[in-house]
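Reader: I should like to go through this model and ask on what grounds each description rests. Please set each value against its criterion.

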Amino acid sequence: MDDVAGIYARESSYLDRYVQLGIASGRVLSVSFPDSPDKEAIEDHDLLDRITDYLGGVEDDFSDAEVALTVPTTQRAVLERVRRVPYGDQITVETLARMTSGVDHTDEADLDAVRTALAENPAPLVIPDHRVRDGPSAAPPSVEQKLRSLEGL
């Protein structure tokens, strides 16, 4: 991944909006889907190339993309576990809780913590919260639905 820090964005005809990345030290800080990009955004980045290919139907789980997670410990554990859900697979919030160390799938507060982690995901798509079928996504609903459709979910 490019080591240059900055904001990168490219229009996606599939999503009918832009995919915008915040990158620092070669790590993804954020992924968003604005209607128009930041005025400082640059279009050329290798991760944007991969995302464009993915949105065109090329299977990619982005598991090698480094993400800078500056979130509380439980949220980090949940989001790191979501990254291991394979392309084209889906799980439930309860299953995600069962699979996440330190989270009790029978405790409503822990299930709420899982939902909070998904809703506050700083890098949707790269951290594929759209693969959790009954959980919130940090991506806009129309983007979440298109990502699910793309993967046959």
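Reader: What makes β1 and β2 count as paired strands?

Author: The model is a predicted one, and the criterion for pairing is at least two bridges found by DSSP. β1 and β2 (residues 17-24) have seven bridges in the antiparallel sense, therefore they count as paired. One of the bridge partnerships joins Ser-12 to Arg-17 in β2.

Reader: Why are β1 and β3 said to stand at the edges of the sheet?

Author: The sheet is open and has three strands in the order β1-β2-β3, with antiparallel pairing. β1 (6-12) and β3 (27-32) each have a single partner strand, so one side of each lacks a neighbour in the sheet. From one strand to the next, the twist averages 20 degrees.

Reader: What makes the phi of Asp-16 worth noting?

Author: Most residues other than glycine have a negative phi. Asp-16 is not a glycine, and yet its phi is positive, at about 60 degrees. This residue is found in the loop between β1 and β2.

Reader: Which other residue has a positive phi although it is not a glycine, and where does it lie?

Author: Ser-25 has a positive phi of about 50 degrees without being a glycine. Ser-25 lies in the loop between β2 and β3.

Reader: How do you know whether Asp-16 is buried or exposed?

Author: A residue is exposed when its relative accessible area is over 50%. The value for Asp-16 is 58%, therefore Asp-16 is exposed.

Reader: On what value does the classification of Ser-25 as buried or exposed rest?

Author: Ser-25 has a relative accessible area of 61%. The cut-off for exposed is over 50%, so Ser-25 is exposed.

Reader: Why is the protein chain called as compact as a globular protein of its length?

Author: The chain comprises five helices and three strands, which run β-β-β-α-α-α-α-α from the N terminus on. Its radius of gyration is 15 Å, close to the 15 Å given by the globule rule for 153 residues, so the chain is as compact as a globular protein of that length. Along the principal axes, its C-alpha atoms fill a box of roughly 45 × 30 × 25 Å.

Reader: What share of the residues counts as buried, and what can be said of the exposed surface?

Author: Buried means under 20% relative accessible area, and 45% of the 153 residues count as buried. The protein chain exposes about 7,400 Å², of which carbon and sulfur atoms supply 44%.

Conventions: Residues are numbered from 1 along each chain as its sequence is written. This is a predicted model: local features need pLDDT of at least 70, side-chain atom pairs count only at pLDDT 80 or more; totals for chains, interfaces and linings use all residues. Side-chain values use heavy atoms; hydrogens and water are left out. Helices (H or I, at least four residues) and strands (E, at least two) are DSSP runs, numbered from the N terminus. Axes are lines fitted to C-alpha atoms, for helices over the stretch in contact, and angles run from 0 to 180 degrees between N-to-C directions. Buried means under 20% relative accessible area, exposed over 50%, partly exposed in between (1.4 Å probe, protein chains only). The radius of gyration is taken over C-alpha atoms; the globule rule is 2.2 Å times the number of residues to the power 0.38. Accessible areas come from the Shrake-Rupley method with a 1.4 Å probe; for residues, only the protein chains shown count as cover.
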